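Biologist: Hi, I'm new to this one and would like to talk about charged side chains. Can you pull it up for me?

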Amino acid sequence: MGNIYTVGPNEALVVSGGCFGQRAKRTIVGGWAWAWSCVSDVQSISLEIMTLNPKCESVETAKGVAVTVTGVAQVKVIKEDELLKTACEQFLGKNPDEIEGILLQTLEGHLRAILGTLTVEEIYKDRDTFAGLVREVASPDVGRMGIEILSFTIKDIEDKVNYLDSLGKTQTAVVRREADIGVAEANRDAGIKEAECDREKQDSRFKADTQIANSSRAYQMEKAAFDQEVNTKTAEAELAYELQAAKEKKGIRNEEIEIEVIERRKND
């Protein structure tokens with residue numbers, strides 16, 4: 001007699017043993033299998049993503065400052081046949097807490113080892129690089145257990161001597177000083193630019209005033225020359241008029257004298 005066993009898409013079914021001396025293990029991912037009752041061993045392993053929180057407390061860094069680091073890792077069993085068989089050999093029969101405990105010990109061991117090679121400043125300033133280094137170093141070991149590290153990030157960094165607070169205050173002071181320098185330089189540049197604009201404004205005003213003065217002077221000179229010419233023409237015209245008038249008066253007088261002479265002759 002036998003039974004049918006089914007598993008979901010994120011679970012693997014491992015069937016071993018059977019009648020007629022059958023010993024080979026069969027691994028089924030997300031499906032079903034038929035197994036002999038009593039003579040077949042049927043087990044399953046989860047393929048779901050596991051979230052781990054490795055934590056190393058009071059680990060001395062490269063310069064002797066002890067820190068406590070907490071990380072977050074996402075891991076899962078690899079579905080590739082050979083590696084899935086490896087994971088089954090390592091973890092079949094263990095409950096999820098036991099599996100997570102084994103993986104946590106592996107990650108924490110690598111995390112502790114890497115912490116001892118770095119300074120607090122290196123860990124604090126570039127968490128992504130630190131986390132990437134832990135993942136890179138730990139991946140081969142967990143890979144030999146059929147496990148893949150999907151992600152690893154640093155969640156928290158603490159120390160008991162307020163070194164990180166001092167480091168943060170120092171960085172804050174540096175940032176503020178740089179900001180103050182930036183503001184001072186910006187104000188200086190703005191003052192220089194404003195002075196340049198004022199100078200350009202004054203230069204433009206001086207040029208405009210000079211052009212106005214030159215134009216006014218040229219106008220006055222041209223007007224004076226024109227007035228002089230007009231006055232000269234006017235004087236010439238008046239003189240010509242007076243000369244002509246004198247000539248006319250003289251001619252009239254001559255005619256009057258001639259008339260007087262003729263009248264006298266008549267009277268004589």
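Modeller: Sure. To start with the term we'll need: a salt bridge is a side-chain nitrogen of Lys or Arg within 4 Å of a carboxyl oxygen of Asp or Glu. Keep in mind that this is a predicted model.

Biologist: Okay, so which residue does R253 form a salt bridge with?

Modeller: R253 pairs with E256, and their closest N and O atoms are 3.2 Å apart.

Biologist: Where do R253 and E256 sit along the helix?

Modeller: Both are in helix α5, which covers residues 163-267. They are three residues apart there, so about one helical turn separates them.

Biologist: And is R253 buried or exposed?

Modeller: In between: R253 is partly exposed, with a relative accessible area of 42%. E256 is partly exposed too, at 37%.

Biologist: Switching topic, how many salt bridges turn up in the whole structure?

Modeller: Searching the whole structure gives five. One of them links R144 and D141, with the closest N and O atoms 2.2 Å apart.

Biologist: What about the accessibility of R144?

Modeller: R144 has a relative accessible area of 55%, and the cut-off for exposed is over 50%, so R144 counts as exposed. Its partner D141 has 28% relative accessibility and counts as partly exposed.

Biologist: Got it. Which residue does E57 bridge to?

Modeller: That's K55, with 3.7 Å between the closest N and O atoms. K55 is partly exposed, at 39% relative accessibility.

How values were computed
Residues numbered from 1 in each chain as written. Predicted model: local features only at pLDDT ≥ 70, side-chain atom pairs only at ≥ 80, totals over all residues. Heavy atoms only, no water. Buried < 20%, exposed > 50% of the residue type's maximum accessible area, 1.4 Å probe, protein only. Helix = DSSP H or I, 4+ residues; strand = E, 2+ residues; numbered from the N terminus.
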